[in-house]
Amino acid sequence: MIEANTPVLRLVRTFWPLVVLSVGLLIIVVIIDLSGDIILAQTLIEGLVRVVIVAALYLFIGNSGIISFGHIGFMMIGAYATAWQTCCPYTRDMFMPGLPTYLLNNTHHFIPAILLAGLLAAVVALITGYAIMRLSGIAASIGTFALMMVFYSVYLRWSTWTSGASSVIGLPTTTTVWVGYVYAVIAITAAFLYSRSRWGLALRSSRDDEVAARAAGVNVFGQRLLAFVVSAFFCGMAGGLFGHFLGMLTVDSFHLKMTFITLSMLVLGGMQSLTGAVVGVVVLTVVIDVLRRLETGVGDFSIPTSSAEVFVGVVIILILIFRQSGITGNAEVYWPFKPDISAAAAMKRQS
Amino acid sequence: MDWPYIFQTAISALSFGSFYALGALGIGLLFSVLRLINFAHGDFITIGGYALIVPSSAVVATLSIGGFHPALLAICIIVLVTVVALLSYFVVFQHVQNSSPATMMIVSFALGYVLQNVIVMIYEGRPKAVNLFPELTGPIQIADGVSVPLLQLVIIAVTWLLLIALVLFFRRTAAGVQMRAAAEDFRMARMLGVRGKRLIALAFILSGSLAGIMSLLFVTQKGVLMYNMGLSIMLFFFIATVIGGMGSLIGAVVGGYAVGIASVVLSAVLPEDVRPFRDACVFLIVIIILLWRPQGLVLTKAARERV
């Protein structure tokens with residue numbers, strides 16, 4: 001049996017879900033990186049970007065209990081904000097002629113660009129959330145949905161800054177497997193630390209019983225707004241990663257389909273657990289990839305087009321009918337050793 | 001401005017409004033008894049459209065049901081869409097009816113996603129031209145120099161007939177009264193002997209037959225089938241339902257007309273530079289209305305959330 005009285009081990013135990021998730025992702029990344037399969041690596045990068053999005057979704061949805069349909073809008077804001085700073089220095093004025101001169105003539109490094117993009121998304125979330133976070137329940141969900149539609153239709157028509165219905169091409173493909181992994185771990189860590197913080201606790205209390213939380217002195221509006229802004233920040237960063245993974249951006253990719261896929265991942269894994277968020281991304285990414293390969297045909301065998309989409313939809317319906325708490329049952333990864341070591345140690349000291 | 005132009009705009013606004021009102025009613029009916037925002041409603045309309053043609057990947061579609069005698073055609077489509085709606089209740093929504101409204105919203109999203117992609121699977125994703133009721137699509141002369149599309153008048157007339165029928169149903173029949181009771185307080189209505197499951201099934205039948213009628217009107221007007229055509233109009237129905245106050249049927253009709261008239265008037269009135277942002281304006285109005293009156297413009301007694 002492992003003795004848990006050393007400070008290091010106690011630390012590991014506190015951060016156990018975080019450790020398991022990071023190491024688990026690391027193993028996947030290393031295996032695929034060593035295999036040298038380029039197509040597999042593409043799937044992996046996309047999956048890692050989705051880990052960032054879904055972890056951010058968990059940060060807000062899991063802790064507040066409000067299902068947000070609006071976060072893909074923040075992702076879009078972040079994606080275009082990075083493109084304004086890093087995309088295609090020679091053709092930028094062709095795609096986005098309306099940009100201010102500073103942005104037209106200067107190219108930022110990827111890291112500050114992505115941080116600024118996240119910041120812009122967070123500021124937009126602060127302004128819009130200041131209104132929408134006053135709502136509760138289904139009205140709040142509808143509000144975030146309307147918000148996503150506003151962002152989408154504005155960016156679609158704002159063609160001097162976003163190229164509108166056509167696409168911006170020529171972003172440097174900076175998001176490699178390892179860049180994706182680092183950002184995924186940062187996002188998971190942030191979501192984990194937030195949900196363990198007193199703010200996360202306060203927000204979860206309002207999720208479980210809003211009236212009681214208010215009565216106990218929780219500023220429900222303020223806590224929701226905080227989570228909304230933080231998760232929008234990470235969604236904005238994910239947007240930047242996504243743009244630099246594809247090398248191009250279209251407004252249409254940040255609409256209902258992306259909203260549905262990312263929400264499905266969260267629902268599948270278990271809405272109220274970070275482990276669930278990551279597990280959902282991994283499982284659904286693998287399943288979609290396998291089905292896509294079968295659609296194009298393996299040997300003589302192939303399945304009809306869009307089977308992957310039908311399958312995802314059916315799985316989500318089944319999950320919501322039979323197991324609303326998702327694969328993980330809304331629980332985090334357990335500490336696999338002696339159940340409660342600190343308590344046991346305390347008992348030993350007493351006797 | 002000359003009056004024929006104003007008259008034509010008014011008819012156009014009314015017909016858009018009528019169409020949105022029908023859609024909002026289809027959603028409002030389900031929301032009132034089940035707290036379900038049915039995002040698959042638009043896809044029921046799409047299914048009605050695709051049922052007209054033979055499955056194939058050709059661009060110009062061959063008609064199947066669409067080749068029947070008009071009356072038979074209408075009945076077939078309406079029955080088919082109603083059956084699809086009813087099946088969606090027994091297969092899917094029945095099992096999640098005790099979940100939170102937001103969960104049900106995701107379920108309906110997923111169902112719509114499945115339906116759309118099943119259509120892509122069978123018919124392929126390209127748009128298809130369909131010429132349904134060509135005699136309705138031409139303009140009709142009403143007075144000197146004033147002509148309006150006949151179809152717009154048909155839409156308005158059909159909507160008002162349906163509205164009168166629905167009012168009679170809700171006022172005069174036992175099932176209608178029970179449904180109003182259930183909309184006000186579902187649990188209480190059940191305790192007083194209303195059969196909940198049967199009532200919800202009835203709501204799905206009404207909502208489905210509205211969707212069937214709408215798919216006939218919509219396909220006649222568009223002349224083109226797209227696998228995602230239902231989703232785009234669904235967004236407007238959804239806005240109309242929210243503006244009118246979810247769960248209130250009068251509100252749904254009012255909201256539908258408000259959205260239809262507003263979108264026609266806004267495109268006529270807005271300055272040239274702002275016009276592309278019309279949709280954004282409409283959704284902003286939705287957010288503002290949500291903040292101002294979270295229960296919608298028309299209040300129902302059941303809408304107030306209790307502790």
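In this predicted model, Arg35(B) is buried, with 20 other C-beta atoms within 10 Å. A count of 20 or more is what places a residue in the buried class. Arg35(B) sits in the loop between helix 1 (3-34) and helix 2 (41-50) of chain B. Its backbone also stands out: phi of Arg35(B) is near 60°, a positive value in a residue other than glycine. Most residues other than glycine have a negative phi.

Chain A offers a second case. Asn330(A) is not a glycine, yet it has a positive phi of about 60°. This residue also lies in a loop, between helix 16 and helix 17 (341-350) of chain A. Its surroundings are described by another class. Asn330(A) has 16 C-beta neighbours inside 10 Å and therefore counts as partly exposed.

The loop that holds Arg35(B) leads into helix 2 of chain B. Ten of the ten residues of this helix are buried, so helix 2 is largely enclosed by the rest of the structure. The buried set runs from His41(B) to Tyr50(B). It includes the glycines Gly42(B), Gly48(B) and Gly49(B). It also includes Asp43(B), Phe44(B), Ile45(B), Thr46(B) and Ile47(B). What do these residues pack against? Five helices and one strand of chain B are involved: helix 1, helix 3 (70-91), helix 4 (101-123), helix 8 (196-222), helix 9 (229-244) and strand 4 (224-225).

Helix 3 of chain B contains Ala74(B). This residue has 16 C-beta neighbours inside 10 Å, so it counts as partly exposed. Ala74(B) and Gly212(B) are 138 residues apart along the chain. Their C-alpha atoms, however, are separated by 8.3 Å.

Chain B as a whole has eleven helices and four strands. Its radius of gyration is 20 Å. A compact globule of 307 residues would have a value near 19 Å, so the two agree. The C-alpha trace of chain B spans about 60 × 45 × 40 Å along its principal axes. Of its 307 residues, 47% count as buried. Contacts in chain B often join distant parts of the sequence. Among those with a separation of 6 or more, 76% are between residues 24 or more positions apart.

Chain A has 17 helices and two strands. Its radius of gyration is 21 Å, close to the 20 Å given by the globule rule for 351 residues, so chain A is as compact as a globular protein of that length. Taken along the principal axes, the C-alpha atoms of chain A fill a box of roughly 75 × 55 × 40 Å. Buried residues make up 48% of the chain. Of the contacts in chain A with a separation of 6 or more, 80% come from residues 24 or more positions apart.

One helix of chain A shows how length, bending and burial combine. Helix 3 of chain A covers residues 38-64, a run of 27 residues. It reaches 39 Å from its first C-alpha to its last, close to the 39 Å expected at 1.5 Å a residue. The helix nevertheless bends by about 30° at Tyr58(A). It is mostly covered, with 21 of its 27 residues buried. Just after the helix comes Gly65(A), which takes a positive phi of about 75°.

Where do the two chains meet? The contact takes 33 residues from chain A and 33 residues from chain B. On the side of chain A, four helices each give two or more residues: helix 7 (110-132), helix 8 (137-157), helix 14 (256-269) and helix 16 (307-322). Helix 8 of chain A provides the largest share, twelve residues. By type, this side of chain A divides into 23 nonpolar, seven polar and three charged residues.

The largest nonpolar core has 209 residues. Which residues have the most contacts inside it? Five belong to chain A: Val52(A), Ala55(A), Ala121(A), Ile188(A) and Ala238(A). The list also holds Ala203(B), from chain B. Leaving aside residues up to four places away in sequence, Ala203(B) touches Leu29(B), Leu30(B), Val33(B), Leu34(B) and Met179(B). In soluble globular proteins, nonpolar side chains tend to be buried together.

Terms used: Residues numbered from 1 in each chain as written. Chains lettered and ligands numbered in written order. Predicted model: local features only at pLDDT ≥ 70, side-chain atom pairs only at ≥ 80, totals over all residues. Core = buried A, V, L, I, M, F, W, Y, C linked by C-beta atoms within 7 Å. Buried ≥ 20, exposed ≤ 12 C-beta atoms within 10 Å, placed from the backbone. Contact = placed C-beta atoms within 7 Å. Nonpolar A, V, L, I, M, F, W, Y, C, P; charged D, E, K, R; others polar. Expected span 1.5 Å × (residues − 1). Bend = angle between axes of the 7 residues up to and from the residue. Rg over C-alpha atoms; globule rule 2.2 N^0.38 Å.
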